[in-house]
Amino acid sequence: MKNIAVLASGTGSNAAAIMDRFIGYEDIFVSLVASNNPEAGVLEKAAERGVPTSTFTKSQLNDEEFMTELLRGIDVVVLAGFLLKIPAFLVREFEGRMINIHPALLPKYGGKGMYGEHVHKAVIENEDKETGITIHYVSENYDEGDIILSETVSLSQRDTPKTAALKVQKLEHKHLPEVVKKLARSL
Ligand code: GRF
């Protein structure tokens, strides 16, 4: 049995896609959804599905004892719209077992401040012909770990940041659970 934890700061549509994907699995179990934001929609989505939830402050995230206890027994950590920087001790502890999803084709549109609609606005402003998703291992720097998967979708002149976001979200919900499954089964 592999236990998955999802860390998220926002709505949690990706967390929901992961939770829904593994319903009925005997070898993969989403056993925790945790957030730094007590108001995050992701907590409600987890509660609706009977998945245990937890919240933590920024200083608790940086407290090794606290996080080691919170993530005890977890095999894979998925960052799905998690906005705080992961401390070095967690990066080390979960090396090769912690992944992030980014709503653009890294290394373009990565780094601090490049999240959510900021990414899609920049892509449209630059008149890019395509956008996509990147799923990568987590390293100590934002959006810089080794890439596991990137998937592209084309953009037309009619696309707006909103429609680009929808195209990207579709890719995310399709591919993130698959990557989690492969990673969990490889451990
Ligand atoms: C996703 O676009 C993900 O790529 C990014 O944050 C967003 C989270 O969306 N890292 P949701 O909360 O899963 O709906």
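Which backbone nitrogen does the side chain of Ser-35 reach? It is that of Asn-37, at 2.9 Å. Bear in mind as we go that this is a predicted model. Ser-35 itself sits in strand 2, and with a relative accessible area of 0% it counts as buried.

Strand 2 is a handy place to start, since it also leads us to a pocket. This strand runs over residues 28-35 and gives the most to the lining of the second largest pocket, with 3 residues. The pocket holds about 210 Å³ of space. Among the residues that line it are Ile-28, Phe-29 and Val-30, along with Arg-49, Gly-50, Val-51 and Pro-52. Sorted by class, the lining comes out at 9 nonpolar, 2 polar and 1 charged residues.

Two more names on that lining deserve a stop: Phe-22 and Tyr-25. Their ring centres are 5.1 Å apart and their planes stand at 90 degrees. Rings pair when their centres lie within 6.5 Å, and planes over 60 degrees apart count as edge-to-face, so that is the label Phe-22 and Tyr-25 get. The model has 2 aromatic pairs by this rule. How much of each partner shows at the surface? Phe-22 has 5% relative accessibility and is therefore buried, the cut-off being under 20%. Tyr-25, at 23%, is partly exposed.

Now for the largest pocket, whose volume is about 1000 Å³. How many residues line it? There are 41, and the ones nearest its centre are Gly-81, Leu-83, Pro-103, Tyr-115 and Gly-116. Several elements join in: helix 1 (13-21), strand 5 (98-102), helix 6 (116-125) and helix 7 (161-186) each bring at least two residues to the lining. Which of them gives the most? That is helix 7, with 7 residues. As for the make-up of this lining, 17 residues are nonpolar, 17 are polar and 7 are charged.

Next, look at the ligand. Around it you'll find Thr-11, Gly-12, Ser-13, Asn-14, Gly-81, Ile-101, His-102, Pro-103 and Glu-172. Gly-81 and Pro-103 should ring a bell, as both were named among the residues nearest the centre of the largest pocket. Some of the ligand's neighbours make polar contacts with its oxygen atoms. A polar backbone atom of Gly-12 is 2.7 Å from a ligand oxygen, and a polar backbone atom of Asn-14 is 2.8 Å from one. With Glu-172 the contact comes from the side chain, where a polar atom lies 2.3 Å from an oxygen of the ligand.

Let's finish with a couple of loops. Phe-82 belongs to the loop between strand 4 (76-79) and helix 5 (88-93). Is Phe-82 buried or exposed? With a relative accessible area of 8%, Phe-82 is buried. From here you can look across to Glu-130, which is 48 residues away in sequence and 24 Å away in space, C-alpha to C-alpha.

The other loop, between strand 6 (130-137) and strand 7 (147-154), is home to Glu-140. Glu-140 is partly exposed, with a relative accessible area of 41%. Its C-alpha atom is 24 Å from that of Ala-122, and the two residues are 18 apart along the chain.

Definitions and conventions. Residues are numbered from 1 along each chain as its sequence is written. This is a predicted model: local features need pLDDT of at least 70, side-chain atom pairs count only at pLDDT 80 or more; totals for chains, interfaces and linings use all residues. Side-chain values use heavy atoms; hydrogens and water are left out. Rings of Phe, Tyr and Trp (its six-membered ring) pair if their centres lie within 6.5 Å; planes under 30 degrees apart count as stacked, over 60 as edge-to-face and the rest as tilted. Buried means under 20% relative accessible area, exposed over 50%, partly exposed in between (1.4 Å probe, protein chains only). On a 1 Å grid over the protein atoms alone, a cavity is a set of points where a 1.4 Å probe fits but cannot get out, and a pocket is an open set with protein on both sides within 12 Å along at least five of seven lines; lining residues have an atom within 4 Å of a point. Grid points are joined across faces, edges and corners, and a volume is the space filled by probe spheres set on the points. Helices (H or I, at least four residues) and strands (E, at least two) are DSSP runs, numbered from the N terminus. Ala, Val, Leu, Ile, Met, Phe, Trp, Tyr, Cys and Pro count as nonpolar, Asp, Glu, Lys and Arg as charged, and the others, Gly among them, as polar. A residue is near a molecule or strand if one of its heavy atoms lies within 4 Å of it. A polar contact is a pair of N or O atoms within 3.5 Å; within protein, one must be able to donate a hydrogen and the other to accept it, and residues adjacent in sequence count only if both atoms are side-chain atoms.
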